[in-house]
Amino acid sequence: MTPTEIGKIFRDEAGRALATLIRLVGDFDLAEDALQDAVAVALERWPDGGLPSNPRAWLVNVGRNKAIDRVRRNAAFRGKQHELVHELLLNASAPCETADSVVGDDMLRLIFTCCHPSFAAEVQVALTLRTVCGLTTAQVARAFLVGEDAMAQRLLRAKQKIRLAGIPYEVPERETLAPRLHGVLAVIYLVFTEGYVATSGGDLMRPDLAREAIRLARLLDALMPGRGEIKGLLALMLLHDSRRAGRETAGGDIVLLEEQDRTLWDRGQISEGLQLVEEALRMPGRPQSYAVQAAIAALHARASSFEDTDWPQIAGLYEVLLRISPSPVIELNHAAAVSMVDGPARALDLVNALEARGGLKGYELLPAVRADLLRRLGRNDAAREAYRAATAATQLEPLRRFYARRIAELDRGADGPSPSLPATNAKRLRKGA
Amino acid sequence: MQYLLMIYQNEVEYAKNDAATNQKMLEEYGAFTQSIIQSGNFKAADRLRPTATGTTVRVRDGKTLTTDGPFAETREQLGGYYLIEAKDLDAALAIAARIPSARIGSIEVRPIWVYD
């Protein structure tokens with residue numbers, strides 16, 4: 001057993017082992033500490049002794065014993081809490097069931113607990129990445145661009161809140177399941193969008209986060225089969241992510257959709273995404289927002305070139321989205337699609353109307369969309385000004401370089417306007433989901 | 001677990017209600033309180049007089065300072081509370097959402113600190 005192989009097993013099994021341990025010992029912190037203990041033992045034994053036949057069951061078993069040790073030590077130290085120890089021992093000595101179905105239920109409990117609406121959105125994301133995905137605190141801190149200590153504090157406070165406020169370790173009841181599931185999906189999509197187009201920093205994409213989000217959605221789809229909103233989200237992310245290799249140059253510059261080499265797109269992911277869109281749209285009930293967004297991504301994925309894209313249908317699907325989950329961001333995307341059907345002048349009217357209503361104040365891609373429309377209309381001075389505003393509005397280096405390129409083209413009076421969209425779909429949708 | 005459900009609303013706005021609206025609100029509160037007594041969740045509850053009747057006390061360097069109010073710097077003021085027993089936070093939140101003032105103001109749900 002090499003350390004890499006062992007690392008992969010921890011990565012695959014840690015979330016599930018933790019989920020089961022939390023149920024067995026009834027305490028989030030204790031379960032986490034106990035799992036750490038078990039991992040330490042595994043790191044000692046597995047390299048020479050070889051892998052146990054069921055690593056997950058092994059981790060749960062050893063973790064459970066470590067938890068009992070910890071409680072005994074604490075109880076002896078504090079001279080009380082005999083009842084607590086007794087209860088814990090009773091609970092934890094129940095048969096150690098690690099069959100997939102039981103562990104699946106534990107995993108769902110863990111996901112719904114981490115995504116409880118009594119946590120702020122960024123806390124939900126951090127807890128999910130740490131516990132469900134098994135990222136280290138340092139990795140979660142990097143995802144949020146904060147220091148490790150600050151993230152450790154944030155996670156600690158969240159875990160304390162689970163215990164002290166009595167956040168249940170349960171899958172919500174039927175009547176609250178739909179809104180709670182919506183919250184879980186929003187967390188997964190937040191992780192994805194940050195991976196797809198980072199908020200700030202030097203790199204356009206953070207593929208590790210996009211991969212985590214896809215992994216989470218796959219897990220959820222397996223645990224709660226037959227739900228259109230989960231399939232829709234998974235399809236949406238697979239289709240967006242399929243373009244990853246085409247979206248930036250070796251030097252880290254943005255490649256626009258119209259300029260992308262479509263042979264670089266991941267065909268396997270596209271066909272999986274297309275099938276999931278079909279499934280999601282065939283589910284009974286009204287179409288779900290993620291499924292419609294995925295249908296739009298599917299039209300891009302199917303098009304052999306930018307020019308051959310079915311823009312009228314894309315504009316139509318944005319109109320559907322505006323009916324089922326209206327938001328200013330969707331309106332902006334709709335305007336961008338309209339520009340490809342009816343031309344930039346009509347789209348600019350829509351953007352102006354949207355801006356006049358004050359719907360997108362502070363939304364960083366609004367000036368970018370406006371700049372692109374103005375450029376295509378040949379209104380170079382206004383376009384330059386809008387690109388400057390767009391530059392000021394983003395903290396992402398590759399976007400800044402892209403806007404600088406556009407301004408330079410305008411300064412040179414480049415050879416006439418060319419049709420294009422300024423950024424990428426997922427980013428423009430991120431607040432609309 | 002025990003939770004304190006603190007009812008915050010804008011008392012200036014609320015004072016503008018006509019008699020019929022107030023009566024209806026009182027009836028809704030009565031029905032809600034009855035229902036959580038019957039379900040066994042109820043521990044205690046009170047309505048508070050407006051903040052204008054309040055007095056704030058601080059002791060600094062051994063001296064007692066008394067001030068009028070709290071003055072309503074914030075948009076919503078504490079107007080009453082329920083102390084309840086609930087299985088977990090979800091159960092407490094579901095009860096909080098049924099408090100009539102949740103539709104007008106907001107309900108802060110806090111677990112009671114238990115010393116063991």
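Which residues is A:L21 in contact with, leaving aside its neighbours within four places in sequence? The views below, all taken from a predicted model, start there.

**View 1. The surroundings of A:L21.** Beyond its neighbours within four places in sequence, A:L21 is in contact with A:A31, A:A34, A:L35, A:V60, A:G63, A:R64 and A:A67. A:L21 also appears in the next view, as one of the residues with the most contacts inside the largest nonpolar core.

**View 2. The largest nonpolar core.** This core has 135 residues. Those with the most contacts inside it include A:A31, A:I188, A:A213, A:A217, A:L233 and A:A294. Domain 1 (3–171) and domain 2 (227–429) of chain A each supply at least three residues to the core. In soluble globular proteins, nonpolar side chains tend to be buried together.

**View 3. Helix α11 of chain A.** Here is a helix to check with a ruler: its 14 residues (228–241) should span 20 Å at 1.5 Å a residue, and the C-alpha atoms at its ends are 20 Å apart, which agrees. Helix α11 is also mostly covered, with 14 of its 14 residues buried.

**View 4. A:A298 in helix α13.** A:A298 belongs to helix α13 (residues 289–302) of chain A. It counts as buried because 22 C-beta neighbours lie inside 10 Å. Not counting residues up to four places away in sequence, A:A298 touches A:L239, A:G273, A:L274 and A:V277. Its C-alpha atom is separated by 9.9 Å from that of A:E278, 20 residues apart along the chain.

**View 5. Where chains A and B meet.** Chain A gives six residues to the contact and chain B gives five. On the chain B side, three are nonpolar, two are charged and none is polar.

Methods. Residues numbered from 1 in each chain as written. Chains lettered and ligands numbered in written order. Predicted model: local features only at pLDDT ≥ 70, side-chain atom pairs only at ≥ 80, totals over all residues. Helix = DSSP H or I, 4+ residues; strand = E, 2+ residues; numbered from the N terminus. Expected span 1.5 Å × (residues − 1). Buried ≥ 20, exposed ≤ 12 C-beta atoms within 10 Å, placed from the backbone. Contact = placed C-beta atoms within 7 Å. Nonpolar A, V, L, I, M, F, W, Y, C, P; charged D, E, K, R; others polar. Core = buried A, V, L, I, M, F, W, Y, C linked by C-beta atoms within 7 Å. Domains from an automatic or database assignment.
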